[in-house]
Amino acid sequence: AASASGVAVGEAGNCSAMGKACEAAASADIAFEVIPVSPNTPDRRKIDPAPTVRPEHTGGRNPLGVADEEWQARTEAAALHRALFLHGMGSDLAAQCVIHRIPGREEYLVGEWGIYFEEQTASSVLRYDFEGNIINGTDGTRRPATPDRSNMGCLPIASAIMEHRPEVQTIIHAHPISVMAVGGLKQGLLPLSQAAFFLYDQVSREEYDFTYESSFEDSLRKGFSNGKRAMLLNHHGMYAVGRDAAEAFFVAKHLTQACDVQVKTLAMAGGNLDNVILPDPGMLRRQYKEMMLSPDYAYDGSREWPGLVRQLEREAKGYNL
């Protein structure tokens, strides 16, 4: 099933930057039109399969002896860590996280804290439940997670987002430099590139202040309502979500690219928005809907995923051990 994204008709999030056209649109009552993401595009993974599981690890013969669905999820989680590193979104030491749900279970996987993204393997990622317990990989016993191996700040993220948005299977939290830079701007993300158009009105904003309280989880649930695909955290980084690893990577990649372009554009413009071409919000809404419903290009990462897996086999072997 296609994921749905909500486009706010009349939302005034960037009106301070986008002027009268945006203010006129904002005068209307706010309504959300649910637009599915690429429901009309063929899934390239069906014609170009690129399995992450090695043939010798099928049928429960994997290094951990876990069920096939768990091992599949483990290889995808490890692949995602290494793909993020190769594409410049996982080089901020170890203080980020990838959260990947095991299909059909109230359990998810997170890389061990202190193991770099480029080091993650299918065997090394840790398994948790939504109560914050770490699950032993061999006998299934559970105990409260502790910060010696677990990124404690990431565990509540899983329950806050995945229980609120059951279709979300993957969450990426990363700190690309340009994303942190844009997170420090009052205007936030601006429509200055094709990558930004791909995510038009799909990125919420969190006034992150480097403290953690229960209200933060409420902010996550609110920020990821109406089908939002990402969240920009003030001065800090981003969350990107997807129905699978491929979609979450697509969102993270294009949000980072959009921020890269914005930083360079504003630098060339001397920080003066009068020197920048800002498209009309109404046109952007129409264009976004046309893109999502187009049969030509996939905005869910499915077209790129086989190529990413092959890239890992060339440049980052060993993730699926």
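Reader: Which residue in strand 11 stands opposite T170?
Author: This is a predicted model, where local features need pLDDT of at least 70, side-chain atom pairs count only at pLDDT 80 or more, and totals for chains, interfaces and linings use all residues. Residues are numbered from 1 along each chain as its sequence is written, and side-chain values use heavy atoms, without hydrogens or water. Strand 8 (residues 170-174) and strand 11 (residues 237-242) run antiparallel and are joined by five bridges. Opposite T170 in strand 11 stands G242.

Reader: How many helices and strands are there in the protein?
Author: Both kinds of element are DSSP runs numbered from the N terminus: helices are H or I with at least four residues, strands are E with at least two. Counted that way, the protein has 11 helices and 11 strands.

Reader: Thanks! Which are the edge strands of the open sheet of nine strands?
Author: The order of this sheet is 7-6-5-4-3-8-11-10-9, and its pairing is mixed. Two strands pair if DSSP finds at least two bridges between them. Pairing on one side only marks the edges, strand 7 (142-144) and strand 9 (203-206).

Reader: What angle does helix 9 make with strand 11?
Author: Helix 9 lies across strand 3, strand 8, strand 9, strand 10 (230-233) and strand 11. Axes are lines fitted to C-alpha atoms, for helices over the stretch in contact (heavy atoms within 4.5 Å). Angles run from 0 to 180 degrees between N-to-C directions. For helix 9 against strand 11, the angle is about 145°.

Reader: Is H254 buried or exposed?
Author: H254 is found in helix 9. Buried means under 20% relative accessible area, exposed over 50%, and partly exposed in between, with a 1.4 Å probe and protein chains only. Because its relative accessibility is 11%, H254 counts as buried.

Reader: How far apart in space are H254 and L199?
Author: Leaving out residues up to four places away in sequence, H254 touches A195, F198 and L199. H254 and L199 are 55 residues apart in sequence. From C-alpha to C-alpha, their separation in space is 7.8 Å.

Reader: Which helices are among those covering the buried residues of helix 11?
Author: Helix 11 spans residues 305-315, and W305, P306, L308, V309, Q311 and L312 are buried there. Their cover includes helix 3 (44-47), helix 4 (68-86) and helix 9 (245-268).

Reader: What share of the residues in the protein is buried?
Author: The protein has 321 residues. Buried residues make up 54%.
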